[in-house]
Amino acid sequence: MAVRLGDTAPDFTADTTDGKINFHEWLGDSWGILFSHPKDYTPVCTTELGAFSKAKPEFDKRNTKLIGLSVDSVESHKGWAGDIKETQGSALSFPLIGDEDRKVADLYDMIHPNADNTLTVRSVFIIGPDKKIKLTLTYPASTGRNVDEIIRVLDSLQLTADYSVATPVNWKEGEDVIIAPAVSDEDAKGRFPKGWKALKPYLRVTPQPNR
Ligand code: BEZ
């Protein structure tokens, strides 16, 4: 069964390149990003893991832990980590789950049989400190993910968790946001003291409130 927005992220215990972890315990009070890649020793995955490893300080700043997964063994992941360091200029900086028995892949519905019967697709799950699923993304094996987009959406999720706002198309940290439709103008006066511009009664734009 697919994991959907608002669901509690399925918990599991698994072997990783950093030892055995219980997922919920490992997450603690942090945000988390669980992402799968199809296979070890493949080119696109190598570039993705190098780029996510390099960007780890950005995720740390956002109190967010990264964890990767493929249906290969931890031993295989460890060997591949050497190639990632050698070719991507960044050593692996977060754990990779060894999921040979596909236990976690099945829990999170990461195998899409009409794409490939045996390998995981490129899934991304962003999980909040309440252990709820905040975002899901699914890419095919042939398309590498965009680290900047994952950070951008994380910024939006963290902002909108704290303020009654939504972020418009192509929004980036620091840009104006939209006051949530459920907030009345009367209520908005207290919540958004910098004011807002009403392009339509339902489209009210205000400076990012936590800046
Ligand atoms: C890759 O990561 O390069 C890859 C993996 C599986 C299929 C196609 C590409």
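Is Thr 120 buried or exposed? Thr 120 is buried, because its relative accessible area is 3% and a residue counts as buried when that value is under 20%. The legends below describe close-up views of a predicted model.

**Figure 1. The protein chain as a whole is the setting for the close-up views.** The model shown is predicted. The protein chain holds 7 helices and 11 strands. Its C-alpha trace spans about 60 × 35 × 35 Å along the principal axes. The chain has 211 residues, and 45% of them count as buried.

**Figure 2. Thr 120 sits in the loop between helix 5 and strand 6.** The side chain of Thr 120 reaches the backbone oxygen of His 37 at 2.7 Å. As stated at the start, Thr 120 is buried, with a relative accessible area of 3%.

**Figure 3. Strand 3 (residues 31–36) is largely enclosed by the rest of the structure.** This is said because 6 of the 6 residues of strand 3 are buried. In a regular strand the side chains alternate between the two faces of the sheet. Strand 3 has Trp 31, Ile 33 and Phe 35 on one side, while Gly 32, Leu 34 and Ser 36 are on the other. Both faces are covered, and these residues are all buried.

**Figure 4. Strand 3 pairs with strand 4 (residues 64–70) and with strand 6 (residues 122–127).** The pairing with strand 4 is parallel and has 6 bridges. Within strand 4, Thr 64 is the bridge partner of Trp 31. The pairing with strand 6 is antiparallel and has 4 bridges. There, Ile 126 of strand 6 stands opposite Ile 33.

**Figure 5. Phe 35 is a residue of strand 3.** The relative accessible area of Phe 35 is 1%, so this residue is buried. Phe 35 and Ile 126 are 91 residues apart along the chain, and their C-alpha atoms are separated by 8.7 Å.

**Figure 6. Seven residues need to be found around the ligand: which are they?** They are Pro 38, Thr 42, Pro 43, Val 44, Cys 45, Arg 122 and Ala 141. By class, this shell has 5 nonpolar, 1 polar and 1 charged residues. Helix 2 (residues 43–54) gives the most to the shell, with 3 residues.

**Figure 7. Polar atoms of Thr 42, Pro 43 and Val 44 lie a few ångströms from ligand oxygen atoms.** For Thr 42, a polar side-chain atom lies 3.0 Å from an oxygen atom of the ligand. For Pro 43, a polar backbone atom is 3.2 Å from a ligand oxygen atom. For Val 44, a backbone N or O atom lies 2.6 Å from an oxygen atom of the ligand. Taken alone, the ligand exposes 260 Å², and the protein buries 75% of that.

**Figure 8. Helix 2 has a length that agrees with its number of residues.** Helix 2 has 12 residues, which should span 16 Å at 1.5 Å a residue. The C-alpha atoms at its ends are 17 Å apart, which agrees with that value. The buried residues in helix 2 are Cys 45, Thr 46, Glu 48, Leu 49, Gly 50, Phe 52 and Ser 53. Cys 45 is also one of the residues around the ligand.

**Figure 9. Leu 107 belongs to helix 5 (residues 103–107).** Leu 107 counts as partly exposed because its relative accessibility is 33%. The C-alpha atoms of Leu 107 and Phe 12 are separated by 8.7 Å, and the two residues are 95 apart along the chain.

**Figure 10. Helix 6 covers residues 147–162.** From its first C-alpha to its last, helix 6 reaches 23 Å. This is close to the 22 Å expected for its 16 residues at 1.5 Å a residue. At the start of helix 6, a side-chain oxygen of Asn 146 reaches to within 2.9 Å of the backbone nitrogen of Asp 148. An α-helix has 3.6 residues a turn, so residues three or four places apart point the same way. The buried residues of helix 6 include Val 147, Ile 150, Ile 151, Leu 154 and Asp 155.

**Figure 11. Four strands form an open sheet with antiparallel pairing.** The order of the strands is 8-9-11-10. Strand 8 (165–166) and strand 10 (197–200) are the edge strands, each pairing on one side only. Strand 8 is joined by 2 bridges to strand 9 (residues 177–179). Ala 166 has Ile 178 of strand 9 as its bridge partner.

Terms used
Residues are numbered from 1 along each chain as its sequence is written. This is a predicted model: local features need pLDDT of at least 70, side-chain atom pairs count only at pLDDT 80 or more; totals for chains, interfaces and linings use all residues. Side-chain values use heavy atoms; hydrogens and water are left out. The expected span of a helix is 1.5 Å times one less than its number of residues. Buried means under 20% relative accessible area, exposed over 50%, partly exposed in between (1.4 Å probe, protein chains only). A polar contact is a pair of N or O atoms within 3.5 Å; within protein, one must be able to donate a hydrogen and the other to accept it, and residues adjacent in sequence count only if both atoms are side-chain atoms. Two strands pair if DSSP finds at least two bridges between them. A residue is near a molecule or strand if one of its heavy atoms lies within 4 Å of it. Accessible areas come from the Shrake-Rupley method with a 1.4 Å probe; for residues, only the protein chains shown count as cover. Ala, Val, Leu, Ile, Met, Phe, Trp, Tyr, Cys and Pro count as nonpolar, Asp, Glu, Lys and Arg as charged, and the others, Gly among them, as polar.
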